[in-house]
Amino acid sequence: MKLLIKWLLSAVALLCVAYLYSGVQVHSFGAAMLAAFVIGLLNVVLRPILVILTLPATILTLGLFLFVINALMFWAAAGLLGDGFQVRGFGAALLGSLLYSLIGLVIESALGGLFAKK
């Protein structure tokens with residue numbers, strides 16, 4: 001149940017990013033749902049591999065290179081989905097992924113309080 005609610009709220013977060021920033025466009029709630037799914041899938045499958053491969057750059061930049069990896073995942077999802085979810089370039093992907101991550105933190109904290117184990 002928590003996973004389904006998180007997925008729905010992630011799609012809403014993606015719509016909020018598109019509303020707040022013109023470099024990211026989402027054409028419908030269905031496209032936002034699909035984009036949230038693809039971003040989550042890329043973050044689970046591809047992101048750990050990229051983090052390990054870029055560990056020296058991450059250490060040299062004191063962790064700031066992780067922002068680049070997040071932007072690449074965001075941009076890759078837009079590239080895979082085509083017209084429903086569009087990002088205008090790497091800079092837009094960087095800012096969009098930052099906004100998406102901040103909204104995601106709010107979602108996680110809200111869900112943590114909602115589904116707290118007693």
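This report describes the overall fold of a predicted model and then its largest pocket.

The chain is built from six helices and two strands, and their order along the sequence follows the pattern α-β-α-α-α-α-β-α. The radius of gyration of the chain is 14 Å, close to the 13 Å that the globule rule gives for 118 residues, so the chain is as compact as a globular protein of that length. Along the principal axes, the C-alpha atoms occupy a box of roughly 40 × 40 × 25 Å. When contacts between residues at least 6 apart in sequence are considered, 62% of them join residues at least 24 apart. Of the 118 residues, 30% count as buried, while the accessible surface of the chain comes to about 7,100 Å², with 76% of that area belonging to carbon and sulfur atoms.

The largest pocket encloses about 660 Å³ of space and is lined by 23 residues, among which Lys6, Ser10, Gly40, Asn43 and Tyr100 lie nearest its centre. By residue class, the lining of this pocket divides into 13 nonpolar, seven polar and three charged residues. The helices in the table below each supply at least two residues of that lining.

| Helix | Residue range |
|---|---|
| α1 | residues 2-20 |
| α2 | residues 29-45 |
| α5 | residues 65-81 |
| α6 | residues 90-114 |

Note on methods
Residues are numbered from 1 along each chain as its sequence is written. This is a predicted model: local features need pLDDT of at least 70, side-chain atom pairs count only at pLDDT 80 or more; totals for chains, interfaces and linings use all residues. Side-chain values use heavy atoms; hydrogens and water are left out. On a 1 Å grid over the protein atoms alone, a cavity is a set of points where a 1.4 Å probe fits but cannot get out, and a pocket is an open set with protein on both sides within 12 Å along at least five of seven lines; lining residues have an atom within 4 Å of a point. Grid points are joined across faces, edges and corners, and a volume is the space filled by probe spheres set on the points. Helices (H or I, at least four residues) and strands (E, at least two) are DSSP runs, numbered from the N terminus. Ala, Val, Leu, Ile, Met, Phe, Trp, Tyr, Cys and Pro count as nonpolar, Asp, Glu, Lys and Arg as charged, and the others, Gly among them, as polar. The radius of gyration is taken over C-alpha atoms; the globule rule is 2.2 Å times the number of residues to the power 0.38. Buried means under 20% relative accessible area, exposed over 50%, partly exposed in between (1.4 Å probe, protein chains only). Contact means heavy atoms within 4.5 Å. Accessible areas come from the Shrake-Rupley method with a 1.4 Å probe; for residues, only the protein chains shown count as cover.
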